[in-house]
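Got a viewer open and a few minutes to spare? Here are some exercises to work through by hand, each with a solution to check yourself against.

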Amino acid sequence: MAIAGMWGTGLNDNTSAEQSVLISSSVQSNAERNPVKPGKYSAKRIFAGEKAQITEIAFDAGVELKEHVARTPIIVSVIEGEVNFTFEGQNHRLAVGGSIFVEANVLHAVYALQRARITVTFLSA
C-alpha cells in the first residue's frame, strides 16, 4: 500500500470533525498565538484531547524553565530556535526538528540558547 493510501493525503481526508482537529498550520500562526515575551517564557495549551494534550512554550534567548517533572510521559519537539534540554544528568542540544521523549516524573529542564519555541505533548498515562 502506498504511503498516501495508508496515512491519507491531507486534512480533508478526516471522516469526523470531532475526532480530528488542526492544531497548527505554520510556525507563523504559532508565533501569533503565543508571542515571545522579552526575558521570559510563555506557555500556552494549544490542544486538549482525551489521549493527549499539547502545550507550546515560547522562550526568549537565555531564559530557563527550571527543573521540574511532568505527571505523564511527554514528547518535546523544537519547532523554532535551539534549546538545551537536560534530564537524568544529560544535556541534549536540540535544534528545529529535534525531539525527545521523557517518562513521567523524571526531572528535566529547558534552557533557550536563542529565541525558541517548543511543543510538549503530554501523553495519556
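The exercises below go from confidence to strands, core, salt bridges and backbone, and the model they use is a predicted one.

**Exercise 1. Work out where confidence is lowest and where it is highest in this model.**

Step 1: start with the overall score. The protein averages a pLDDT of 87, and 85% of the residues score at least 70.

Step 2: go element by element. Helix α1 (residues 3-7) sits at the bottom with a mean of 35, while β8 tops the list at 98.

Step 3: look at the stretch around that helix. Residues 1-17 have a pLDDT below 50, and beyond near neighbours in sequence this stretch makes six contacts in the model.

Step 4: decide how to treat it. Where pLDDT is low, don't read the predicted coordinates in detail.

**Exercise 2. Find the order of the strands in the five-stranded open sheet, and say which strands stand at the edges.**

Step 1: trace the pairing. The order is β1-β2-β9-β4-β7, and the pairing is antiparallel.

Step 2: pick out the ends. β1 (41-48) and β7 each have a single partner strand, so one side of each is left without a neighbour in the sheet.

Step 3: add the geometry. From one strand to the next, the twist averages 20 degrees.

Step 4: zoom in on β1 and β2. They run antiparallel and are joined by seven bridges. Three residues separate them, and the two strands form a hairpin.

Step 5: check the register on two pairs. Ser42 stands opposite Ala58 in β2, and Arg45 has Thr55 in β2 as its bridge partner.

**Exercise 3. Identify the residues that touch the most other members of the largest nonpolar core, then list the contacts of Phe59.**

Step 1: take the core as a set. It has 20 residues, and those touching the most other members are Phe59, Val76, Val83, Phe85, Ile100, Val110 and Ile118.

Step 2: see who supplies it. β2, β4 (74-80), β5, β7, β8 and β9 each put in at least two residues of this core.

Step 3: take Phe59 and skip its neighbours within four places in sequence. Its contacts are then Val36, Lys40, Tyr41, Leu65, Val110, Ala112, Gln114, Arg115, Ala116 and Ile118. Two names on that list, Val110 and Ile118, also turned up in step 1.

**Exercise 4. Follow the salt bridges of Glu56 and say which parts of the chain they tie together.**

Step 1: get the total. The structure holds six salt bridges.

Step 2: take the bridge to Arg33. The side chains of Glu56 and Arg33 meet at 3.4 Å, N to O. Glu56 belongs to strand β2 (residues 52-59) and Arg33 to helix α2 (residues 27-33), so this pair ties together parts 23 residues apart in sequence.

Step 3: take the bridge to Arg117. Here the N to O distance is 3.0 Å. Arg117 is in strand β9 (residues 116-123), so this pair with Glu56 of β2 links parts 61 residues apart in sequence.

Step 4: ask how accessible the three are. Glu56 is buried, at a relative accessible area of 0%. Arg117 is buried too, at 2%, whereas Arg33 is partly exposed at 26%.

**Exercise 5. Locate the two partners of the Arg93 to Glu82 salt bridge and classify each as buried or exposed.**

Step 1: the closest N and O atoms of Arg93 and Glu82 are 2.5 Å apart.

Step 2: Arg93 lies in strand β6 (residues 90-95) and Glu82 in strand β5 (residues 82-87), so the pair ties together parts eleven residues apart in sequence.

Step 3: Arg93 is exposed at 58% relative accessibility. Glu82 comes out at 18%, so with the cut-off for buried at under 20%, it counts as buried.

Step 4: now look for shared partners. Salt bridges of that kind join Arg33, Glu56, Glu80 and Arg117 into one network.

**Exercise 6. Say where Glu88 and Asn105, two non-glycine residues with a positive phi, are found.**

Step 1: recall the background. Most residues other than glycine have a negative phi.

Step 2: Glu88 has a phi of about 50 degrees. It lies in the loop between β5 and β6, and is exposed at 57%.

Step 3: Asn105 has a phi of about 65 degrees. Its loop runs between β7 (99-102) and β8 (108-112), and Asn105 is exposed at 53%.

Definitions and conventions. Residues numbered from 1 in each chain as written. Predicted model: local features only at pLDDT ≥ 70, side-chain atom pairs only at ≥ 80, totals over all residues. Heavy atoms only, no water. Salt bridge = Lys/Arg side-chain N within 4 Å of Asp/Glu carboxyl O. Helix = DSSP H or I, 4+ residues; strand = E, 2+ residues; numbered from the N terminus. Buried < 20%, exposed > 50% of the residue type's maximum accessible area, 1.4 Å probe, protein only. Core = buried A, V, L, I, M, F, W, Y, C linked by side-chain atoms within 4.5 Å. Contact = heavy atoms within 4.5 Å. Pairing = 2+ DSSP bridges. Axes fitted to C-alpha atoms, helices over the stretch in contact; angles between N-to-C directions. pLDDT = per-residue confidence, 0-100.
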